[in-house]
Amino acid sequence: CAQYRDAIIVAVYSDRISAYILEKNTAGTSVVAGATEEQEGGELNTEKIKLNCQKALQQLPREYMKSGMPIVFALGPGVSECDFISVEAMREQKNTIISENELKLVIAKTHDAKAPVEDTATHDVPVGYSVDGFLVPNPVGLNGGKVVVHLISTSVSKALEDVFSGIASLYGLRYGGVINICGLLVDAMPLFTQEADAVAVLIFQQEVVLVLVRGGKASAIGKVAGGYGILEQEMSVSFSV
């Protein structure tokens with residue numbers, strides 16, 4: 001998300017969809033407009049998500065929605081799966097320089113190791129690297145024997161991704177892809193804390209996610225079933241609502 005000057009972010013949760021227009025200037029990134037559309041209870045499906053995404057986008061002021069503007073969909077639990085993965089490679093020629101192509105092959109190992117899931121698309125975003133045990137911003141151009149790449153891996157149904165790209169075309173926007181909310185947090189962490197080490201607790205309707213941040217980078221993700229939706233159910237029973 002940080003690569004775009006101006007962008008539209010659509011956050012898709014199990015109970016609501018929020019659309020935001022972001023603008024980047026010398027002072028940083030700011031939200032200039034936003035709208036939320038509630039999702040009715042019951043099982044989520046692509047048609048319901050498509051309709052509510054369109055309803056949220058229609059509420060945004062048209063003067064900010066420039067033609068060709070990138071639109072990124074940030075997905076919560078129930079809509080996508082998110083995992084923290086570390087991939088390592090041992091290099092026989094450790095004195096040779098690590099190339100961009102070699103790094104891509106290391107990242108591609110994640111897909112080789114996973115059992116393929118039918119009709120599911122996977123997107124991997126690098127969030128950290130190390131060479132021979134030393135953290136580096138980018139290993140390309142360095143040498144060493146052991147390369148480790150840390151990734152935020154997001155899985156989403158291909159049918160849903162087709163819906164998102166179709167919405168982008170409908171509004172004359174450029175489809176920027178999907179990312180899980182946990183992955184988005186990696187970019188947004190400076191908005192929440194100046195500390196290099198922190199634990200972010202994300203409480204969703206049906207799941208609680210913990211992101212462990214070390215040195216300003218995500219280093220682990222933990223999940224547990226249950227969220228504020230459980231509390232709502234308990235309260236409605238207790239108070240006979």
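**Aromatic pairs and a three-stranded sheet**

Tutor: In this predicted model, the protein chain exposes about 13400 Å², of which carbon and sulfur atoms supply 54%. The protein chain holds 5 helices and 12 strands, and buried residues make up 41% of its 241 residues.

Student: How many aromatic pairs are there, and what makes Y13 and F204 a tilted pair?

Tutor: The count comes to 3 aromatic pairs. For Y13 and F204 the distance is 6.1 Å centre to centre, and ring centres have to lie within 6.5 Å, so the two rings pair. Their planes are 35 degrees apart, which is neither under 30 degrees, as stacked would require, nor over 60, as edge-to-face would require, and therefore the pair is called tilted.

Student: Why is this pair said to tie together parts of the chain?

Tutor: Y13 lies in the loop between β1 (6–12) and β2 (16–25), while F204 lies in the loop between β10 (198–203) and β11 (207–214), so the pair ties together parts that are 191 residues apart in sequence.

Student: Why is F204 called buried, and what is Y13 called?

Tutor: F204 has a relative accessibility of 9%, and because buried means under 20%, F204 counts as buried. Y13 has a relative accessible area of 24%, which is not under 20% and not over 50%, so Y13 is partly exposed.

Student: How do you know that F73 and Y175 form a tilted pair, and where do the two residues lie?

Tutor: The centres of F73 and Y175 are 6.2 Å apart, with 50 degrees between the planes; the distance is within 6.5 Å and the angle falls between 30 and 60 degrees, so the pair is again tilted. F73 sits in strand β4 (residues 70–75) and Y175 in strand β9 (residues 174–180), and the pair links these distant parts of the chain, 102 residues apart. F73 is buried, at 0% relative accessible area, whereas Y175, at 27%, counts as partly exposed. Ring pairs link F73, F164 and Y175 into a cluster.

Student: What makes β10 and β12 edge strands?

Tutor: The open sheet of 3 strands has the order β10-β11-β12, with antiparallel pairing. Each of β10 and β12 (217–225) pairs on one side only, and they are the edge strands. The twist averages 20 degrees from one strand to the next.

Student: How do you know that β10 and β11 pair?

Tutor: At least two bridges are needed, and β10 and β11 have 6 in the antiparallel sense, so they count as paired. One residue with a bridge partner in β11 is A198, whose partner is V213.

Technical notes:
Residues numbered from 1 in each chain as written. Predicted model: local features only at pLDDT ≥ 70, side-chain atom pairs only at ≥ 80, totals over all residues. Heavy atoms only, no water. Helix = DSSP H or I, 4+ residues; strand = E, 2+ residues; numbered from the N terminus. Buried < 20%, exposed > 50% of the residue type's maximum accessible area, 1.4 Å probe, protein only. Areas by Shrake-Rupley, 256 points an atom, 1.4 Å probe, with all protein chains shown as cover. Phe/Tyr/Trp six-rings, centres within 6.5 Å; stacked < 30°, edge-to-face > 60°. Axes fitted to C-alpha atoms, helices over the stretch in contact; angles between N-to-C directions.
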